Amino acid sequence: KQDASPPPRVPCKPMPTKNNLLDSRQTKEKRSFCMVEKGTSLLKKMEISVAEAEKRTGKNAVNMQETYTVYLIETRPVDAASEGTNPVPDSLWRRYSEFELLRNYLLVTYPFLVVPPLPEKRAEFVWHKLSADNMDPDFVERRRVGLENFLLRVASHPDLSSDKIFYSFLTEENGWKETVFETGFQAKADSRLKALNATFRVKNPDKRFAEMKHYGDELQSVISQLLRVRARAADRLYGVYKVHGNYGRVFSEWSAIEKEMGDGLQSAGHHMDAYAASVDDILEEEEHYADQLKEYLFYADALRAVCRKHELTQYELEMAAQDLTSKKQQREELATGTIRTFSLKGVTSKLFGQETPEQREAKLKMLETQIEEGEELVKERNAECEEFVKSAWVDIERFKEQKDHDLREALISYAIMQISMCKKGIQVWNNAKECFSKM
Amino acid sequence: AAALGTTDEPTSAMSAGAPRSLASSGQKSIQDICHPLSAEESALNPGSAADTGLILPNGTPVDTSSLASSSSLLNRLQLDDDLDGETRDLFVTVEDPKKHVSTMETYITYRVCTKTTRTEFDLPEYSVRRRYQDFDWLRNKLEESQPTHLIPPLPEKFVMKGVVDRFSEEFVETRRKALDKFLKRVADHPVLSFNEHFNAFLSAKDLNKRQGLALLTKMGESVKYVTGGYKLRARPAEFAAMGDYLDLFTQKMGTIDRIAQRIIKEQSEFLMELREYGPVYSSWSSFEEDLHDPLEGVSGCMSNCSSALEELTEDMSEDFLPVLREYVLYIESMKNVLKKRDQVQAEYETKLEAVVFREDKKPPVPSDVEKCQDRVECFNADLKADWDRWENNKRQDFRQLLTGMADKNIQHYEKCLAAWESLVPLLQDKQEAEGETS
């Protein structure tokens, strides 16, 4: 169980700060976008990264050739890195489906935790230039960063980081899948899925969880909207910048028929070309922001799952309690001979005559046993419920703080990106203006 | 025999360089030709401002008898854009637009102020109100009465209703500036500024009456240059180059117009999406606690950027596109002047040929052929001088137009920059406060 106060946060990778974002064009460099808590025992021991991606071909389950991508997970003991010896890291290859398997295991095993999400399975909210193809190198690269982020999130979680299956995912290439299946989580996975999709009414849900679920719904909705607008806006912005490139061409043609004006026009044209070209970098930066939003879009889903699970446990408790109450009532009726509640048995016995005293005794005995068992069940379920509420709420609070922090950071870097874009625009147009003034 | 047809002149010399021989005059240099405004020529141009004798802009009379003074006259006349205050004796401004509402129509009038020391004007100062129609009338009159000259352009007559608001401040101001430029260019022109219609425009209380009168008396003038049916063998290289240039230039203007329109369209569509951002961030902030202020801040920024972009697209529609289109229209009228010149030359060449073939005729050449020759030479001189003036004005106009375009874009980005820069410390302050309490 965790401490009350959150451990100090330290960025685990150099984060783009206000100053260096403007200078560095780290477009292809690895950038994870979470502030990771160095407090967990796992991260104190090892550094984790998803270093590379590669294409593979092989036979799949139905013996057909397929092409897929594998990702290189590198782990390195922390001490070695700080000593400066820099040994070769341990590494293994995993594909996306194995990450999915890991996450499903964690979901089933820790239903009271907001489990970090994976990067999207298929490219959604794309604008026209971005390929929706899973094999597209840009998509693969962004997925690599997303998978690394996922591992770091899990590794920095106070509870998840100590999971054995997670550890072996990072360290044991062969036989990991079998180990996971041996836990028997698959059976629980199926019933979990059923429960999450079932409709039932809870009489007394914890208000906080009901509010959280509602929040999760709203967050999902608003982020989806935002991502859709962003995709359309990116498409339009691309058009605006690229059409300016046409100025470059026409100014060049025009300058050929001019004498004094020619030079100014020609050089201004070059600046228009530069302006048109600058949109590619701008939109790539924006893609990064979109990925940060997407993470929380999927996190909202994980949050809703926890709230849903609470409802389920609460519902099962209520069902058990209800069942117990009805059994107790039956006993009372049987004992006193009065029929308070309407039951088929009561009606049939009225119609067809009462039972013999022996039959009554047998029934009473059975009921007593059932009531005993029922009381045990209620006690159990009650304890489960309380336990769930307690653990889940702690993690939800942790999640809230993380979300507020991460999204604020994302907004800051978005603003910084906008500032950079404006400054570049001013520079290009000033250059063009100078050329025009020399005409 | 005078040379007919073209000479091998390099086509690149369009600028105000050394005077060169006219194609049709053979050995005569431009310095030897009397300027149409000189006293000797007044017989050929009845009713022009030259009736009162030639005066330089600074008020001194011109002595056209000597070669030197002719060339110096020409040199001075070519410097109109560089005229300093001392040499100018006619100042015109267009200002104070006002809306007039009547039962029949609504329109804008502008105050036209004139200050002058020229004796062609009865008073030293004038202040009259004119509407666009009146400027249009003036330009038509100038085209009719000065067919050998390039008349400066007017802003477009028609504007698409519903697309542009004819009475918006921005539109009226843009038009005022264009009308002001038009009058100033006429006022700076050594020939056009002495035109009596221009005088009437600047001084007459009631222009309508004058319009009628002017129409009656000036009918004969324009007939002179409407020569029909003569075929020109070949346009002299110099003027052919002008024609070619105008064709290419028109093409480029068309391309730029299309590009500008496309950009405005894309920007408008981007603006539509941008406008959706703000409300989404706002609705997000409504169910957040800690993130409420940052999200509201972002929403506000988006709104500011939307307004800035809206202003940019409006400015480009109202200031940039109209000027391009005016130039395309203007070039059409310039091409017409070139065609008229061809006609005048064709008439001369045809008549000359007819004379040459009659062997019994010896020089001096008959007077009507001589008149044709003079007409050609004057036209060529006027056109060349005006062409140089046009080149200069064109350069100024486009420098101004394109610099303006750059400025508008810079201003747009500066507005957005200010919005985002003011947001960042707001976001980061909170963060630091958070850090301290945790």
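**Exercise 1. Chain B as a whole**

What percentage of the contacts in chain B with a separation of 6 or more is accounted for by residues 24 or more positions apart? Describe also the secondary structure and the burial of this chain.

*Solution.* The model is a predicted one. Taking the contacts in chain B with a separation of 6 or more, residues 24 or more positions apart account for 72% of them. The next step is the secondary structure, which in chain B amounts to nine helices and three strands, and along the sequence these follow the pattern α-β-β-β-α-α-α-α-α-α-α-α. As to burial, chain B has 438 residues, of which 51% count as buried.

**Exercise 2. A pair of rings in chain B**

Classify the pair formed by the rings of Tyr327(B) and Trp390(B), and place both residues in the chain.

*Solution.* Over all chains, the structure holds 35 aromatic pairs. For the pair in this exercise, the ring centres of Tyr327(B) and Trp390(B) are 6.5 Å apart and the planes stand at 50 degrees, so the pair is tilted. The pair links distant parts of the chain, since Tyr327(B) belongs to helix H8 (residues 292-356) of chain B and Trp390(B) to helix H9 (residues 367-437) of chain B, with the two positions 63 residues apart. Both Tyr327(B) and Trp390(B) are buried. A last step sets the pair in its surroundings: Tyr327(B) and Trp390(B) belong to one aromatic cluster, whose members include Tyr330(B), Trp387(B) and Phe398(B) from chain B as well as Tyr247(A), Phe251(A), Trp254(A) and Phe436(A) from chain A.

**Exercise 3. Helix H8 of chain A and two other helices**

How are the axes of H4(A) and H8(A) arranged, and how are those of H8(A) and H11(A) arranged? Name the residues that make each contact.

*Solution.* Begin with helix H4 (residues 96-109) and helix H8 (residues 185-197) of chain A, whose axes come within 9 Å and cross at roughly 70 degrees. Angles of 65 to 115 degrees count as roughly perpendicular, and H4(A) and H8(A) are therefore roughly perpendicular to each other. On the side of H4(A) the contact is made by Leu101(A), Asn104(A), Tyr105(A), Leu107(A) and Val108(A), and on the side of H8(A) by Phe185(A), Lys188(A), Ala189(A) and Arg192(A). Sorted by kind, the residues of this contact of H4(A) with H8(A) are six nonpolar, one polar and two charged.

Turn then to H8(A) and helix H11 (residues 279-336) of chain A, whose axes come within 10 Å and cross at roughly 90 degrees. That angle makes H8(A) roughly perpendicular to H11(A). Here Arg192(A), Ala195(A), Leu196(A) and Asn197(A) of H8(A) meet Ala305(A), Arg308(A), Lys309(A) and Leu312(A) of H11(A). The residues of the contact of H8(A) with H11(A) divide into four nonpolar, one polar and three charged.

**Exercise 4. Glu98(A) and charges over rings**

Is Glu98(A) buried or exposed? Find its contacts, and then find the arginines that lie over Phe169(A) and Tyr96(A).

*Solution.* Glu98(A) is located in helix H4 of chain A. Its relative accessibility is 13%, and because buried means under 20%, Glu98(A) counts as buried. When neighbours within four places in sequence are left aside, Glu98(A) is in contact with Trp93(A), Phe169(A), Trp176(A) and Lys177(A). Phe169(A) has Arg94(A) over its face, at 4.7 Å from the ring centre. Over the ring of Tyr96(A) sits the charged end of Arg143(A), 3.8 Å from the centre of that ring.

**Exercise 5. Asparagines in loops, and a positive phi**

Where do Asn63(A) and Asn204(A) lie, and how far apart are they? Compare their exposure and backbone with what is found for Asp96(B).

*Solution.* Asn63(A) is in the loop between strand S1 (46-59) and strand S2 (65-77) of chain A, while Asn204(A) is in the loop between H8 and helix H9 (207-255) of chain A. Asn63(A) counts as exposed at 56% relative accessibility, and Asn204(A) is exposed with a relative accessible area of 56%. From C-alpha to C-alpha, Asn204(A) and Asn63(A) are 51 Å apart in space, with 141 residues separating them in sequence. Not counting residues up to four places away in sequence, Asn204(A) touches Gln314(A) and Glu318(A).

For the backbone, Asn63(A) has a phi near 60 degrees, a positive value in a residue other than glycine. Asp96(B), which is not a glycine, has a positive phi of about 55 degrees. Asp96(B) lies in strand S1 (residues 90-101) of chain B and is partly exposed, with a relative accessible area of 24%.

Note on methods:
Residues are numbered from 1 along each chain as its sequence is written. Chains are lettered from A and ligands numbered from 1 in the order in which they are written. This is a predicted model: local features need pLDDT of at least 70, side-chain atom pairs count only at pLDDT 80 or more; totals for chains, interfaces and linings use all residues. Side-chain values use heavy atoms; hydrogens and water are left out. Rings of Phe, Tyr and Trp (its six-membered ring) pair if their centres lie within 6.5 Å; planes under 30 degrees apart count as stacked, over 60 as edge-to-face and the rest as tilted. Helices (H or I, at least four residues) and strands (E, at least two) are DSSP runs, numbered from the N terminus. Buried means under 20% relative accessible area, exposed over 50%, partly exposed in between (1.4 Å probe, protein chains only). A charge sits over a ring if NZ of Lys or CZ of Arg is within 6 Å of the ring centre and within 35 degrees of the ring normal. Axes are lines fitted to C-alpha atoms, for helices over the stretch in contact, and angles run from 0 to 180 degrees between N-to-C directions. Angles under 35 degrees count as roughly parallel, over 145 as roughly antiparallel, 65 to 115 as roughly perpendicular and the rest as oblique. Contact means heavy atoms within 4.5 Å. Ala, Val, Leu, Ile, Met, Phe, Trp, Tyr, Cys and Pro count as nonpolar, Asp, Glu, Lys and Arg as charged, and the others, Gly among them, as polar.
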